[in-house]
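Reader: I've got this model open on my screen and I'd like to zoom in on one spot in the interior before wandering any further. Could you walk me through it and then outwards from there?

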Amino acid sequence: MQYLGRPRRLNPRLRLVLLSFLMLFLELALIRWSGANILYLSYFSNFILLASFLGIGIGFLLAGGRVDAFAWAPLGVLALVAFVLAFPVQIDRSGSELIYFGALESSRSGLPIWATLPVLFLAVAAIMAMVAQGVARAFAGFAPLEAYRLDILGSLLGIAAFTGLSFLGAPPLAWGAVVAALFALLLVRRDLVRAAALVGLLVLLGIESAAALTSWSPYYKVSLQPHPDGATTVLVNGIPHQTIESVARREAVLPIYVVPYREAPAHRDVLIVGAGTGDDVAIALQQGAQRVDAVEIDPRLYQLGRALHPDHPYDDPRVHVVVNDGRAFLQQTSRRYDLILFALPDSLTLVAGQSSLRLESYLFTTGAVAQARAHLKPAGVFAEYNYYREAWLIDRLAGTLAQVYGAPPCVTAVTGVSGDLALIAAGARPDVITCSSPWRASVSPVPAPATDDYPFLYLRDRGIPGFYLLTIGLILLVSVVGVRQAAGGLRRLTPYLDLALMGAAFLLLETKNVVQFALLFGTTWSVNAIVFGGILLAVLAAIEVSRRVRIGTPPWLYGGLLLALALSFLVPPEALLGLPLGPRIVAAVAVAFVPIFIANLLFAQRFAEVSASTVAFGANLLGAMAGGVLEYASLATGYRALLVVVAALYGGAFLAQRMAAGPRATLRAWTAPRG
């Protein structure tokens, strides 16, 4: 094997920072890129995240192994990219428990779900284990807290870099270039095989990135399919999502799109949430609207509409475009409207790859519908439409409007190739609209409305669907086998049971904060990035305090954490929505980040005294993976109840730590004088 020269030795601290940067950046890239090509991942909320945590935990356990697994990571990444590009998945799947919005046709490309997901999970776990072993070996060269501090610094840089590329709309080639450059810099063994793997990675991603009529938004892989009649289909992550077409063609094919303006005789001021590429904006202008506030969360969809729509609605001075989350816009605006229209705002993607929250989840809750009603003029009308695959979903949405508006809404439906295209409308007063087809429930019992605590619109009944339980069981089985092999038995992890419980609790706490900030400030990619960055800054602050002050992990510190969690539980996010933006930010940061800081102060104080930092950190990461599995409980309980689980896990960590220290140490901790 031909070597390409001896690499220049990096400063050990810089090397650990860069390795941690690579690990987090690669994790974020895999979550984003895999979800764009494997549609199954849009519905398994944290699949890649779980695989990443499992792999990173195993990698830390393998830090002392003889094989340099990090040297093989470029080949692993190349193999994964080649597999996904060779077998991309587009599906159309519906079930009795959870609705899937897939391709318009009933066909499916790629391998079946039972083949794709196991391969993907094992491949991601293996790749992250290879990278993590390199991180762990650098990690072991420092005192535990110093290593942890450098790891967090690298992670912050990784988030910042990926956020910057998302802001620029960079394609996968840019992400791959960052990964390849870091591998080239950090690999100790540089030879033709690894160089060829990195070049191959860039070639594959370059071909994908250069595909005709394909671009990347912060949320989607966006592709265009022009039609001979002048219309253009917009596909996101491989699914037909919108059609750019003239008002005349849209009205001729589906006149239901004009119905909201008949229901709202006065439609001078119109708000359209989910404005997309501009079809609904063009219809509003054609129907005589004098002002249209067009809210669209995805900047790329807006750009495509501005450039390609045949009626050029976004060039009209009556149109005011806002690139933001629809719920966030309603919270921030003081305007009132004659017509508020939620226009096909199904996102087909998850907020963070870490929770079951979708971009549109908070648009269809009772809180959102009530907020929209508050922005209607006295004779205003609220309307929403979409393709609904199941009758019970129409009943859920209509029941939500009936609860908020105090009268059955009007439902107009036409049957299309993708299910029922239904328009549901309600007036600010019952006498505002004349309804020829008032809602009558078609299923019994009518599914309860979605709420801000339980925003799972597409899940008919509370509970974890059976195929989720099967997937979780298989993940846990693979995890146990993998950890046993890497650790040489589970006893090696026993001294760090408390750190594992802390990892599980922290992952759930992090998830709760992500969804809380999404409700308070919008489900945009930028809010998500700010939250993750803020969490890492809180972690870094706890590390810096622990480096300077040694307080141990006394009961009163655990007590402070439980009090902070209790405050978060007693002050639900909905209670903060009524605050002005400035006070809302202050209150949200206090409620969310005080528990984060105290939890990491406990972890840092405990981690400072471990004898085997890589094993201890691996145990913590594996605990985080278990916390990711527990996150699925929110499908049954809602997000607020996760705080109870978090408190129980930290209570378990306290007991595990005291039991390991022995009864005398426990007694001393409880009876020691406070000063």
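Leaving out residues up to four places away in sequence, which residues does Phe-607 touch?

Author: Quick caveat before we dive in: this is a predicted model, so local features need pLDDT of at least 70 and side-chain atom pairs count only at pLDDT 80 or more, while totals for chains, interfaces and linings use all residues. Residues are numbered from 1 along each chain as its sequence is written, and side-chain values use heavy atoms, with hydrogens and water left out.

Now to your spot. With residues up to four places away in sequence set aside, Phe-607 touches Phe-139, Pro-144, Leu-145, Tyr-148, Leu-499, Ser-613, Ala-616 and Phe-617. Contact here means heavy atoms within 4.5 Å. Phe-607 is also one of the residues that touch the most other members of the largest nonpolar core, which has 153 residues; the others are Phe-60, Tyr-148, Trp-175, Phe-183 and Tyr-650. A nonpolar core is a set of buried Ala, Val, Leu, Ile, Met, Phe, Trp, Tyr and Cys residues joined through side-chain atoms within 4.5 Å. Buried, in turn, is under 20% relative accessible area, exposed is over 50%, and partly exposed is in between (1.4 Å probe, protein chains only). Apart from this core there is another one of 33 residues, including Leu-330, Val-404, Val-411 and Ala-422. As background, nonpolar side chains tend to be buried together in soluble globular proteins.

From there, let's step over to a helix pair. Helices (H or I, at least four residues) and strands (E, at least two) are DSSP runs, numbered from the N terminus. Helix H15 (residues 466-487) packs against helix H20 (residues 613-630) at an angle of about 170°, and their axes are 11 Å apart. Axes are lines fitted to C-alpha atoms, for helices over the stretch in contact, and angles run from 0 to 180 degrees between N-to-C directions. H15 and H20 are therefore roughly antiparallel (over 145 degrees; under 35 is roughly parallel, 65 to 115 roughly perpendicular, and the rest oblique). H15 brings Ile-472, Leu-476, Ser-479 and Val-483 to the contact, and H20 brings Leu-622, Met-625 and Val-629. That makes six nonpolar residues, one polar and no charged. For that split, Ala, Val, Leu, Ile, Met, Phe, Trp, Tyr, Cys and Pro count as nonpolar, Asp, Glu, Lys and Arg as charged, and the others, Gly among them, as polar.

Met-625 is worth a pause. This H20 residue is buried, with 4% relative accessible area. Beyond its neighbours within four places in sequence, Met-625 is in contact with Leu-476 and Ser-479, and also with Leu-50, Phe-53 and Leu-54.

Ala-63 sits in the loop between helix H2 (47-61) and helix H3 (73-86). Ala-63 is buried too, at 12%. Neighbours within four places aside, Ala-63 is in contact with Gln-133, Ala-136, Arg-137 and Thr-614. Its C-alpha lies 8.5 Å from that of Val-135, 72 residues away along the chain.

Now for the strands, where two of them pair if DSSP finds at least two bridges between them. All seven residues of strand S8 (residues 337-343) are buried, so S8 is largely enclosed by the rest of the structure. S8 runs parallel to strand S5 (residues 269-273), joined by four bridges, and Ile-272 stands opposite Leu-341. S8 also pairs in the parallel sense with strand S9 (residues 376-388) over six bridges, with Leu-341 opposite Ala-383.

Elsewhere, an open four-stranded sheet has the order S1-S2-S3-S4 with antiparallel pairing. S1 and S4 are its edge strands, each pairing on one side only.

A few backbone oddities to finish. Most residues other than glycine have a negative phi, and most peptide bonds are trans. Asn-237, in the loop between strand S3 (232-236) and strand S4 (239-244), has a positive phi of about 50°, and at 5% relative accessibility Asn-237 is buried. Leu-213 also has a positive phi, of about 60°, but at 46% Leu-213 counts as partly exposed. Finally, Ser-444 and Pro-445 are joined by a cis peptide bond, with omega about -5°, and Pro-445 is in the loop between strand S11 (419-427) and H15.
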